[in-house]
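Reader: I've got a model open and I'd like to know what stands behind the labels people put on it. Can you walk me through a few?

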Amino acid sequence: MTLTLDQALSGISGILVTPYDARGDIAPDRLAPIVDRALNAGLHMPVVNGNTGEFYALTTSEACTMAREVVALVDGRAPVLAGVGRGLRDAVALARASSDAGATALMVHQPPDPFVAPRGVVDYLNAINDASGGLPMMLYLRNDTIGTRAIADLCAVPNVRGVKWATPNPLRLAEAIAACDPAITWVGGLAEVWAPVFYAVGARGFTSGLINVWPERSLAIHAALEAGDYRTANTLIAGMRAFEDIRAEEMNGTNVTGVKAALQATGHDCGPTRAPSAWPLTDDQKTRLAQFLTQNNLT
């Protein structure tokens, strides 16, 4: 049975990679076995055009195509979260295209413009909401320095249903949860490693790039956290931490590199990453990745 959006938000938001072919063009069909395995493992919500999907390396036209193709690949088996962002007109166009494609909800990337006013982001969100015809939105918050009051203002925009909290500040997360509508779902946005910390202050669910490679481990971690079994969750996280450590190197510049290198090594070539992401892994990183894959019977 397909989950409701609220159920999916409190589960795992699996950030899919964007595959490229030999010419460097997007090749969404290469995602088919990755999506199938993740959904068969129990993934709650696939996410297209997230940062693990190299959103900022794609043209808006490519991102629109990825939204359409991923919704088609999922084929109603789960809710689909579609990332939108960049300049206002690009964000509006992508919101409209994602809605037309049949996405369940939008993940709104925090605007990267150097001159961002919190009240300007409210206007930005309202424009996206209008363009999508009122699709539910999850805010992607990577900078909490705007303060709790401003975060509450963003969460008060119509159709905001969730927040992907992607800053390593659980105390401010707790403040934000207390200041906002209790109907909003707060999602751990720093993947499995940070999930127990965020769960402890009231977040539910988490985002994951590991689902491209090892969805079964992500689902096991989620199940442990939902059961309040932090000991098991932390043990499971320790067993996949080497993978996340590689992804965090070079100022997080190997974040997608590690995932795509693991996919290549496991027979699911999705091409390289686009600059300015690092490609390929260094020899030392390749060695550690190979050890991780071998130790966990992933090759």
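Author: Sure, here is how some of the labels come about; keep in mind that the model is predicted.

Reader: What makes E6 and E7 a strand pair?

Author: Pairing takes at least two bridges, and four join strand E6 (residues 160–165) to E7, so they count as paired. The two run parallel, and one bridge partner in E7 is Thr-185, which goes with Gly-162. Between E6 and E7 the chain passes through helix H7 (residues 170–179), a right-handed β-α-β crossover.

Reader: And which way do the residues of E7 point?

Author: Thr-185 and Val-187 go one way, Trp-186 and Gly-188 the other, and all are buried.

Reader: Why is helix H8 called mostly covered?

Author: Buried means under 20% relative accessible area, and seven of the ten residues in H8 (residues 191–200) are buried. Among them are Ala-191, Val-193, Phe-198 and Tyr-199. After H8 comes Gly-202, with a positive phi near 120°.

Reader: Glu-192 sits in H8 too. How do you know that Glu-192 has no salt bridge?

Author: The nearest side chain of opposite charge, Arg-247, is 5.7 Å away. A salt bridge has to be within 4 Å, so that pair doesn't make the cut. Glu-192 is buried all the same.

Reader: What makes Glu-192 and Ser-218 a polar contact, then?

Author: Their side chains are joined at 2.6 Å, and the cut-off is 3.5 Å, so the pair qualifies. Glu-192 also touches other residues, including Phe-206, Leu-210, Ile-237 and Met-240.

How values were computed:
Residues are numbered from 1 along each chain as its sequence is written. This is a predicted model: local features need pLDDT of at least 70, side-chain atom pairs count only at pLDDT 80 or more; totals for chains, interfaces and linings use all residues. Side-chain values use heavy atoms; hydrogens and water are left out. Buried means under 20% relative accessible area, exposed over 50%, partly exposed in between (1.4 Å probe, protein chains only). A crossover is right-handed if, with the strands pointing away from the viewer, the path from the first strand over the helix to the second runs clockwise. Lys and Arg count as positive and Asp and Glu as negative; His and the chain ends are not counted. A polar contact is a pair of N or O atoms within 3.5 Å; within protein, one must be able to donate a hydrogen and the other to accept it, and residues adjacent in sequence count only if both atoms are side-chain atoms. Contact means heavy atoms within 4.5 Å. Lists of a residue's contacts leave out its neighbours within four places in sequence.
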